[in-house]
Amino acid sequence: MKGKLYGVGTGPGDPELITLKAVRIIVLCPVIAVPISGGGERVALNIVCQVIPSVEDKRLLELDMPMTRDEAILRAAHQKAAEEIIRVLDRGENVAFLTLGDPTVYSTYIYLHRLVRERGYNAEIIPGVPSFCAASARVGDCLVETGQPLHILPGAYGDISAQLALNGTKVIMKSGKSLDKLRDVLSDGAHHSIKIVENCGMPGERIYETLEQAETRPGYFSVVIVKD
């Protein structure tokens, strides 16, 4: 019998925000898969270890996920990672792939999910608390109310000036490297409030009430909340 792949959202960073279902799945899976970049970062695994110490006794499957926008390199990396997972599934073992936040929001996992399912294997997504929900809670305000729309934007890709002009609340994900561009676009004062949460729930968390407070460039795990 073939194993099953689980894409497990571990939440934004605070170990207490890992769901009970995520904990149950991680405990049951003998193999834990984690993405690694050139620096070997394993943020999601470090979070899980604070909640499930026994996870350190499980077999670890490290999957190379290069930090690049080169589509050919990314496709090759995703294909290789999917093959490594499939080899484990063929042994009848379940695999929990850990990912920050929720697996359906700008997550590397979804590419592997599709490839594994295309090969006829079973895969399931275990949702997690999205970072933008946790960030909104940390600044003590709602994201939207009454009939307001919510727009989730990728801060690291392309020009989002047009989207920032949309009505409602705009959330810019992983926006650390693009903060200078955002500052230029948002400097017209047309927005009601701009809040930035860096490393939400993680060590080094910082909250900026204005763009001016964020004089230095925040880290990669930064969420900008723009409200009209």
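These questions and answers show how the words used for this predicted model follow from its values.

The model is predicted, so local features need pLDDT of at least 70 and side-chain atom pairs count only at pLDDT 80 or more, while totals for chains, interfaces and linings use all residues. Residues are numbered from 1 along each chain as its sequence is written, and side-chain values use heavy atoms, with hydrogens and water left out.

Q: Why is Cys142 called partly exposed?
A: Buried means under 20% relative accessible area, exposed means over 50%, and partly exposed is in between (1.4 Å probe, protein chains only). Cys142 has a relative accessible area of 28%, so it is called partly exposed.

Q: Where is Cys142 found, and what does it touch?
A: Cys142 is in the loop between helix 5 and strand 6. Helices (H or I, at least four residues) and strands (E, at least two) are DSSP runs, numbered from the N terminus. Contact means heavy atoms within 4.5 Å. Leaving out residues up to four places away in sequence, Cys142 touches Ser136 and Lys227.

Q: What makes strand 8 and strand 10 a pair?
A: Two strands pair if DSSP finds at least two bridges between them. Strand 8 (residues 193–198) and strand 10 (residues 222–227) have six bridges, in the antiparallel sense, so they satisfy the rule of at least two. Within this pair, Val197 stands opposite Val223.

Q: Which sheet do these strands belong to, and what makes strand 6 and strand 9 its edges?
A: Five strands form an open sheet with mixed pairing, in the order 6-7-10-8-9. Strand 6 (150–154) and strand 9 (206–208) each pair on one side only, and these are the edge strands.

Q: Which helix packs on this sheet, and at what angle to strand 10?
A: Helix 5 (residues 131–138) touches strand 6, strand 7 (169–173), strand 8, strand 9 and strand 10, and its direction makes about 65° with that of strand 10. Axes are lines fitted to C-alpha atoms, for helices over the stretch in contact, and angles run from 0 to 180 degrees between N-to-C directions.

Q: How do you know that the buried residues of helix 1 are on the same side?
A: The buried residues of helix 1 (residues 20–28) are Ala22, Ile25 and Ile26. They cover an arc of only 100° around the axis, which puts them on the same side of helix 1. The arc is that of the directions from the helix axis to the C-beta atoms. On the other side, Leu20 and Leu28 are exposed.

Q: What makes strand 4 mostly covered?
A: Five of its five residues are buried. Val95, Phe97 and Thr99 are on one side, with Ala96 and Leu98 on the other. Strand 4 also runs parallel to strand 1, joined by five bridges, and parallel to strand 2, joined by three bridges.

Q: What makes a nonpolar core, and which residues have the most contacts inside the largest one?
A: A nonpolar core is a set of buried Ala, Val, Leu, Ile, Met, Phe, Trp, Tyr and Cys residues joined through side-chain atoms within 4.5 Å. The largest has 20 residues, and Leu5, Leu63, Ile85 and Val116 have the most contacts inside it. Helix 3 gives the largest share, six residues. Apart from this core lies another, of 19 residues, including Ile26 and Ile126.
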